[in-house]
Amino acid sequence: MTLAIDVDGVLADFCGAVNELIYNSSTCHPLPGWESWALEDNIPACCSVHINAAMRSAGWCAAIPAIAGACEAVREAIDAGVSIILVTAPLDGSPYWMHERMQWVAAHIGSDVPVIFAGGAHKQYIRCVGAVEDNERNLRSMPAYFKYLIDRPYNRGATGGGLRVDHVRDAIRSYALVTRQVFPMASEQA
Ligand SMILES: [Mg+2]
């Protein structure tokens, strides 16, 4: 019985890292509202070549900031005995992404967490009882009984893909309850 958790937009602040590239680009741009899933809708066209290259450069994936409290919640759940796998997409054209994503997981959660690289249409093959995603289409395709959609501006138009939650901690708590893996989370005991 396994809970599959997506990484970008759930544990890793991918949009925040792209925002920093936009902010630091040579031309001043307002930061995007991320109301569209498509990356090209959020990156200013005039600096898209630069930003797409920067996203594929050495060190960029490893430096993506974690979403506050997200990795801690996953760690707590693993330590409490919840079976968790991380499912994360490769980045086309990047020779560094997959290795650095493994480093990222090891640094933020631990090297004992199983990581499966699958994105988009391939997520349907992930065997799991629960799934946490920020992409409603991915969530629909996954063969899970318990599905959680992390609320983001780019998925506000989606309906019915799963239970909408603000944070992965809420998803883990709900999953643990419905699968009767009730455990206290240290972050709630204070
Ligand atoms: Mg995602």
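## Two domains in one predicted chain

The C-alpha centres of domain 1 and domain 2 are separated by 23 Å, in what is a predicted model. Domain 2 covers residues 14-62, whereas domain 1 is made of two stretches of the sequence, 3-13 and 65-189. Where the two domains touch, domain 1 contributes 17 residues and domain 2 contributes 14 residues. Sorted by class, the residues that domain 1 turns towards domain 2 comprise eight nonpolar, five polar and four charged ones.

From the domains we can turn to the elements of secondary structure. The protein has eight helices and six strands, and a reader who follows the chain from the N terminus meets them in the order β-α-α-α-α-β-α-β-β-α-β-β-α-α. The series therefore opens with a strand and closes with two helices, as the order of elements from the N terminus shows.

The overall dimensions come next. Along the principal axes, the C-alpha atoms of the protein occupy a box of roughly 50 × 35 × 35 Å. The radius of gyration of the protein is 17 Å, and because a compact globule of 190 residues would have a value near 16 Å, the protein agrees with that expectation.

Two further values describe the interior and the contacts. Of the 190 residues in the protein, 31% are buried, which here means that 20 or more other C-beta atoms lie within 10 Å of the residue's own. When contacts between residues at least 6 apart in sequence are considered, 61% of them join residues at least 24 apart.

Technical notes
Residues are numbered from 1 along each chain as its sequence is written. This is a predicted model: local features need pLDDT of at least 70, side-chain atom pairs count only at pLDDT 80 or more; totals for chains, interfaces and linings use all residues. Domain bounds come from an automatic or database domain assignment. Two residues are in contact if their C-beta atoms, placed from the backbone, lie within 7 Å. Ala, Val, Leu, Ile, Met, Phe, Trp, Tyr, Cys and Pro count as nonpolar, Asp, Glu, Lys and Arg as charged, and the others, Gly among them, as polar. Helices (H or I, at least four residues) and strands (E, at least two) are DSSP runs, numbered from the N terminus. The radius of gyration is taken over C-alpha atoms; the globule rule is 2.2 Å times the number of residues to the power 0.38. A residue is buried if 20 or more other C-beta atoms lie within 10 Å of its own, exposed if 12 or fewer, and partly exposed in between; C-beta atoms are placed from the backbone.
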